[in-house]
Amino acid sequence: MTYPEFDPHAPQFMQALCQMALDAGALIMQHYRDGVTEEKKADKSPVTQADRDAEILLEKALAKLAPRIQVIGEEACAKTMPQHLDELFFLLDPLDGTRDFVAKRDNFTVNIGLVHNYYPVAGVIYAPVHEKLYFSGTDCAYRLVIAPDGALDIEAAERLTTQKIDPKGVHIIASRSHRGEQTDQMIASLNVKSTIAAASSYKFCLLAEGTADFYPRYGRTMEWDTAAGQAILEAAGGIVTTEEGARFSYGKLARGLDNPSFIAAAADNWQDAMK
């Protein structure tokens, strides 16, 4: 199946993706207020009814918006992995940062990523507690401050473009729950000005908006954790690469859609900050 005229950043299409992210965020916040019970999936990762409900909402919305495009969701994959991937497919993490959600912290997100020929071409991330919506564009990324039940006007969004990293002092962002020895060693090799601890794909958004410069990640993540964030960060001018420097890719069915280690940065000169 080919998509010769498909534009993932057509205003009507992106407006619809953003709206469904807001709708999922509103549903998640209802669970957040009412209280949730944490369960464990087969891989021991946490899940709640909010994760499942949000994924169902997104799947139904995408079936109406783009019925020809394959949808790969985290909670569906927890039951059965897909047997094949189309050249164009959505990657959904309906509630990224479930640990933060259960703990009533604020960095959990709704992630909608679109992958074409192994690379992310569009992404939407909504952080409902922060009331911030991020999405990719053709030559920049965008940020819009909006409540889950607020009216959506993507034309009012603020443009985001990253700047070159100052090698005299790097602002590092690291995972709150999964920071290990390799991450600490990498951070120690940089000229660090400040370190920010955060959870979920919100880390990519902080890079895209210029709050942080560099995010090294060692250890396991899944493709739905990173696709939307990579699309947004790359649209803003940043990069996401493997340890070897190759652009981060998707569709790794042979390894169960999990990711190798990666480096995300606001600009490609991050190595200038190495001591």
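## A tour of rings, strands and cysteines

Start by selecting Tyr32 and Phe101: both of these residues are buried. Keep in mind as you click around that this is a predicted model.

**Stop 1: the first ring pair.** Tyr32 and Phe101 form a tilted aromatic pair, with 5.8 Å from centre to centre and 35° between the planes. Now colour the helices. Tyr32 belongs to helix α1 (residues 11–34) and Phe101 to helix α4 (residues 98–102), so this pair ties together parts that are 69 residues apart in sequence. Add Lys104 to your selection, too: its charged end sits over the ring of Tyr32, 5.2 Å from the ring's centre.

**Stop 2: another ring pair.** Next, pick Phe248 and Phe262. Their rings make a tilted aromatic pair as well, 5.2 Å centre to centre with 55° between the planes. Phe248 is in the loop between β14 (239–242) and β15 (258–259), while Phe262 is in strand β16 (residues 262–265), and the two are 14 residues apart. Are they buried or exposed? Phe248 counts as buried because its relative accessibility is 1%, and Phe262 counts as buried at 1% too.

Want to see who else joins in? Show Phe204, Tyr215 and Tyr250, which form one aromatic cluster with Phe248 and Phe262. Then click Lys252, which lies over the face of Tyr250, 5.1 Å from the ring centre.

**Stop 3: Gln70.** Head over to strand β3 (residues 70–73), where you'll find Gln70. With a relative accessibility of 15%, Gln70 counts as buried, since the cut-off is under 20%. What does its side chain reach? Show the backbone atoms here: the Gln70 side chain reaches the backbone oxygen of His84 at 3.0 Å and the backbone nitrogen of Asp86 at 2.7 Å. Leaving aside neighbours within four places in sequence, the contacts of Gln70 also include Pro82, Leu85 and Phe89.

**Stop 4: a pair of strands.** Select strand β10 (residues 170–175). Five of its six residues are buried, so β10 is largely enclosed by the rest of the structure. Now add strand β11 (residues 192–198), which pairs with β10 in the parallel sense over six bridges. To line the strands up, find Ile172 and look opposite for Thr195 in β11.

**Last stop: the cysteines.** How many disulfides are there in the whole structure? A search finds zero. Click Cys140 to see one cysteine that is in no disulfide: the nearest cysteine sulfur, that of Cys18, is 13 Å away. Cys140 counts as buried because its relative accessibility is 0%. Finish on Cys77, which counts as buried at 9%.

Definitions and conventions. Residues are numbered from 1 along each chain as its sequence is written. This is a predicted model: local features need pLDDT of at least 70, side-chain atom pairs count only at pLDDT 80 or more; totals for chains, interfaces and linings use all residues. Side-chain values use heavy atoms; hydrogens and water are left out. A disulfide is a pair of cysteine sulfur atoms within 2.5 Å. Buried means under 20% relative accessible area, exposed over 50%, partly exposed in between (1.4 Å probe, protein chains only). Helices (H or I, at least four residues) and strands (E, at least two) are DSSP runs, numbered from the N terminus. Two strands pair if DSSP finds at least two bridges between them. A polar contact is a pair of N or O atoms within 3.5 Å; within protein, one must be able to donate a hydrogen and the other to accept it, and residues adjacent in sequence count only if both atoms are side-chain atoms. Contact means heavy atoms within 4.5 Å. Rings of Phe, Tyr and Trp (its six-membered ring) pair if their centres lie within 6.5 Å; planes under 30 degrees apart count as stacked, over 60 as edge-to-face and the rest as tilted. A charge sits over a ring if NZ of Lys or CZ of Arg is within 6 Å of the ring centre and within 35 degrees of the ring normal.
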